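Let's take a walk through this structure together, starting with the whole and ending with a few single residues. Have the sequence and the 3D view ready as you read.

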Amino acid sequence: MRVVFLDIDGVLNRTGYHPVESHGLRSWIEPELAARLSRLLRTVNAVIVLISDWRIGRDLAILANELRSAGIDGRLLGATPSLGSERWREIEAWIAEHDVPVEDIAIVDDGYDMGPLRDRFIRISPLAGLDENAADAVAALFE
């Protein structure tokens, strides 16, 4: 199983993005970036695990519906635990619990520090979001 650990803000919406109308979380995902993520997930045959703050206090089924409604064609498998520590520690905890090899993951985030997981991390510029270069870099991690 391949897993894309996905942040939302700065990845699927760029700095300064504001939807014309707000219809929940789905409004904050840019259609162009959702389509690019969908193609990437199909290409690498991966599922999504949310690392975004969007996961905190929200039901997984509701989040899955919001992602689908935003045009993301991919399976939301889960979300990392909220441990109140570095994001990479939350990812490590999820990986350990689900027994997923590090070689089968990619981390897509606009943050900076992924500690010992840095080799599986593609840093996204929040000004560009998930652009073609970033999507290609994620795909390359699985080659």
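**The fold as a whole**

In this protein, residues 24 or more positions apart account for 64% of the contacts with a separation of 6 or more, where a contact means heavy atoms within 4.5 Å. Before going on, please note that this is a predicted model, in which local features need pLDDT of at least 70 and side-chain atom pairs count only at pLDDT 80 or more, while totals for chains, interfaces and linings use all residues. Residues are numbered from 1 along each chain as its sequence is written, and side-chain values use heavy atoms, with hydrogens and water left out.

What is the protein built from? It has four helices and five strands; these are DSSP runs numbered from the N terminus, with H or I over at least four residues for a helix and E over at least two for a strand. Followed along the sequence, they give the pattern β-α-β-α-β-α-β-β-α. The radius of gyration is 14 Å, close to the 15 Å from the globule rule for 143 residues, so the protein is as compact as a globular protein of that length. (That radius is taken over C-alpha atoms, and the rule is 2.2 Å times the number of residues to the power 0.38.) Along the principal axes, the C-alpha atoms fill a box of roughly 40 × 30 × 25 Å.

Of the 143 residues, 48% count as buried; buried means under 20% relative accessible area, exposed over 50%, and partly exposed in between, with a 1.4 Å probe and protein chains only. The protein exposes about 7100 Å², and carbon and sulfur atoms supply 49% of that area, as computed by the Shrake-Rupley method with a 1.4 Å probe, where for residues only the protein chains shown count as cover.

Now look for the sheet. Its five strands form an open sheet in the order 3-2-1-4-5, with parallel pairing; two strands pair if DSSP finds at least two bridges between them. Strand 3 (76-79) and strand 5 (121-123) stand at the edges with a single partner strand each, so one side of each has no neighbour in the sheet. From one strand to the next, the twist averages 25 degrees. Strand 1 (residues 2-6) pairs with strand 4 in the parallel sense over four bridges, and here phenylalanine 5 stands opposite isoleucine 107 in strand 4.

Two helices can be placed against these strands. Helix 1 lies across strand 1 and strand 2, at about 125 degrees to strand 2. Helix 2 (residues 60-69) lies across strand 2 and strand 3, at about 130 degrees to strand 3. For these angles, axes are lines fitted to C-alpha atoms, for helices over the stretch in contact, and the angles run from 0 to 180 degrees between N-to-C directions.

Next, find aspartate 7, in the loop between strand 1 and helix 1. Is aspartate 7 buried or exposed? It is buried, with a relative accessible area of 5%. Its side chain is joined to that of arginine 87 by a polar contact of 3.5 Å, meaning a pair of N or O atoms within 3.5 Å; within protein, one must be able to donate a hydrogen and the other to accept it, and residues adjacent in sequence count only if both atoms are side-chain atoms. Leaving aside residues up to four places away in sequence, aspartate 7 touches Ile51, Ser52, Arg87, Val108, Asp109 and Asp110.

Finally, visit asparagine 45, in the loop between helix 1 (31-44) and strand 2 (46-50). Asparagine 45 has a positive phi of about 55 degrees although it is not a glycine, and it is exposed at 64% relative accessibility.
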